[in-house]
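Subject: Structure handover

Hello,

Here is the structure I promised you. Please open it alongside this email; my notes follow below.

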Amino acid sequence: MKAQQCFSCGAPQGMSHFEGRAETLRVKGLERRIDDLSGWECQMCGEVELDPGCSDRHTNAGDELVIAARKMIGEEMKRIRRKLHLSQKEAVALLSGGGHNAFSRYERGEVLPPKALMLLMRLLDRYPHLLADAQTLAEGADLRGFKTTVHKEHETLTAS
Ligand SMILES: [Zn+2]
């Protein structure tokens, strides 16, 4: 069996070479299985370094999985928004805030929505009648939209 010093914990002969291992990556209920992995693993500290080709395959599978998960979440966001009869613009104004195209970016899977928004959407999916309450409660909830009145210098009030 091939062995070498661990580059992480320094254990002499700590790392041994393995082959033919499979790993399953999971994110948000999606899975990708990667077969035929080989590399080095330390028996002392658990450090793993995959052989170069395997490392690339592993990274690519992880990236694909994250993209697939974002698309899946995006589809879910779109489904719930449509069920609530909201346009993307209305959904931004009422629920998410952010740029005017925030929802379209979530739905295309470009960006993962914040957890709080995802949770809100799922609650509204389960209890759609709460949308009316949300609309009432949202009024005055966003304090970023101050209205400003400018009082000019030396301006005096006049009684009429
Ligand atoms: Zn080690």
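What share of the contacts in the protein with a separation of 6 or more comes from residues 24 or more positions apart? The figure is 51%. Bear in mind that this is a predicted model.

Start with the layout. The protein has four strands and five helices. The strands come before the helices: from the N terminus, the order is β-β-β-β-α-α-α-α-α.

Next, the overall dimensions. Along the principal axes, the C-alpha atoms fill a box of roughly 100 × 45 × 25 Å. The radius of gyration is 27 Å, whereas a compact globule of 160 residues would have one near 15 Å. Burial is worth a look too. Of the 160 residues, 11% count as buried.

Now the interior. The largest nonpolar core is made of eight residues. They are Met77, Ile80, Ala91, Leu95, Ala102, Phe103, Tyr106 and Met121. Three helices each supply at least two residues of this core: H1 (52-83), H2 (88-96) and H3 (102-107). H3 gives the most, with three residues.

One core residue to click on is Ile80. Set aside its neighbours within four places in sequence, and Ile80 is in contact with Met121, Leu124 and Asp125. Of these partners, Met121 is itself listed in the largest nonpolar core.

If you have little time, begin with that core and its eight residues. Then zoom out to the box of roughly 100 × 45 × 25 Å.

Best wishes

Key: Residues numbered from 1 in each chain as written. Predicted model: local features only at pLDDT ≥ 70, side-chain atom pairs only at ≥ 80, totals over all residues. Core = buried A, V, L, I, M, F, W, Y, C linked by C-beta atoms within 7 Å. Buried ≥ 20, exposed ≤ 12 C-beta atoms within 10 Å, placed from the backbone. Contact = placed C-beta atoms within 7 Å. Rg over C-alpha atoms; globule rule 2.2 N^0.38 Å.
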